[in-house]
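Me: Could you take a close look at the ligand site in this one and walk me through what surrounds it? After that, carry on into the rest of the fold, and keep it chatty.

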Amino acid sequence: MIVYRTKKDISGHLHTLRNEGKTIALVPTMGALHQGHASLVEKASAENDIVVVSIFVNPTQFNDPSDLNLYPRTLDSDLELLRHLEADLVFVPSANEMYPGGDAQIFDLGNLDKVMEGKHRSGHFNGVAQIVSKLFLLVQPLRAYFGQKDFQQLVIIERLVEILELDINIVPCPIIREKDGLAMSSRNVRLSKEDRKLAPFIYHTLKLARGKTASLSPSQLKEWVALQFRKQAEMELEYFEIVEDKGLIPLEEWDDGVNKVACIAVHLGGVRLIDNLKFD
Ligand code: AMP
């Protein structure tokens, strides 16, 4: 496994590999790696000759400076895990390396960044599009792997590939959960012991909500979920939306003709947690 810190060095190596006819996969991450990330690397490794993992806490996608400061950084153990997973190339750039000329690029993502995360984290997805487009153009992978944990991000990345007219296959990967149902996340380490015990309530509530679609309309279901969280003093519901899975339009009525995903964001002890569940 080779660790690169500059675009020039990694792109030289990638150029050689491409000339040798190797298939190249990209797994973009912000580090503080866990089994969710590992599942992406393993899938990429099974389907390609070369796996490139990037580790970069991208400042332009943080709308909250304290969230950026508190974001866990565990490079040594990340590299150990990636060595164990037999990743081939790891790219760990500095912010200057990725944004030598600032961060001015604006993407028109239509409705996709107006709802849910986009509504509550202004500029977040433009920052994601900035960094992912730079990584795509640098690595030029055949396939790029993204987790369904960040469902809205996945839909936006698929749109980004269309906007940039890139020939990259986006491979969605299932959500990896802890035994008690909590979706794995780098932010989970910031939960106190008590809050960690409460956190599975989020997934538990999503599953209960899915069981109520026969008796409640989407708006009644939203109210029901809001009520469950009002009963949990420690947790604050930021949003719960049921959207169709292409344009992310919130559903007013149940529609058998579209795939539905319920998405949720919750604040717990100063940590913001997101999760989602398919409703089909
Ligand atoms: P992050 O480091 O949080 O930016 O995540 C990097 C990639 O790992 C993204 O594509 C995430 O969707 C994916 N990922 C994070 N957590 C999980 C999880 N629990 N299961 C599956 N994929 C995940």
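Reply: Let's start at the ligand: a polar backbone atom of M184 sits 2.9 Å from one of the ligand's nitrogen atoms. Bear in mind that this is a predicted model, so every distance here is computed from predicted coordinates. I176 also makes a backbone contact, with an N or O atom of its main chain 2.9 Å from a nitrogen atom of the ligand. M30 deals with oxygen instead: a polar backbone atom of M30 is 2.9 Å from an oxygen atom of the ligand. M184 and I176 turn up again in the list of residues that come nearest, along with H37, G147 and D150, out of 17 residues around the ligand.

G147 is a handy way out of the site and into the sheet. Its bridge partner is C173, in strand 6. That pairing belongs to a parallel arrangement, where strand 5 (residues 143-147) and strand 6 (residues 169-173) are joined by five bridges. To get from strand 5 to strand 6 the chain goes through helix 8 (residues 151-163), giving a right-handed β-α-β crossover.

Next, the rings. There are four aromatic pairs in the structure. One of them is F62 with Y71, an edge-to-face pair with 5.6 Å centre to centre and 75° between the planes. F62 has a relative accessible area of 11%, so it counts as buried. Y71 is buried too, because its relative accessibility is 8%. F201 and F229 make another edge-to-face pair, since their planes meet at 80°, with the ring centres 5.2 Å apart. F201 belongs to helix 10 (residues 201-210) and F229 to helix 11 (residues 218-230), so this pair ties together parts that lie 28 residues apart in sequence. Both F201 and F229 are buried.

Helix 10 runs over residues 201-210, and the ring of Y203 has a charge for company: the charged end of R177 sits over that ring, 3.6 Å from its centre.

If you like checking backbone torsions, two residues deserve a look. Most residues other than glycine have a negative phi. E86 isn't a glycine, yet its phi is positive, about 60°. You'll find E86 in the loop between helix 4 (75-84) and strand 4 (89-91). With a relative accessible area of 60%, E86 is exposed. Q140 is the other one, again not a glycine and with a positive phi of about 45°. Q140 is in the loop between helix 7 (124-139) and strand 5, and strand 5 is the one that pairs with strand 6. Q140 comes out as partly exposed, because its relative accessibility is 46%.

Last stop is E117, in helix 6 (residues 117-120). Despite the acidic side chain you might expect to find outside, E117 is buried, with a relative accessible area of 4%. Its C-alpha atom is 8.0 Å from that of A265, although 148 residues separate the two along the chain.

How values were computed. Residues numbered from 1 in each chain as written. Predicted model: local features only at pLDDT ≥ 70, side-chain atom pairs only at ≥ 80, totals over all residues. Heavy atoms only, no water. Pairing = 2+ DSSP bridges. Helix = DSSP H or I, 4+ residues; strand = E, 2+ residues; numbered from the N terminus. Right-handed = clockwise from strand over helix to strand, strands pointing away. Phe/Tyr/Trp six-rings, centres within 6.5 Å; stacked < 30°, edge-to-face > 60°. Buried < 20%, exposed > 50% of the residue type's maximum accessible area, 1.4 Å probe, protein only. Lys NZ or Arg CZ within 6 Å of the ring centre and 35° of its normal. Near = heavy atom within 4 Å. Polar contact = N/O pair within 3.5 Å; in protein donor to acceptor, adjacent residues only side chain to side chain.
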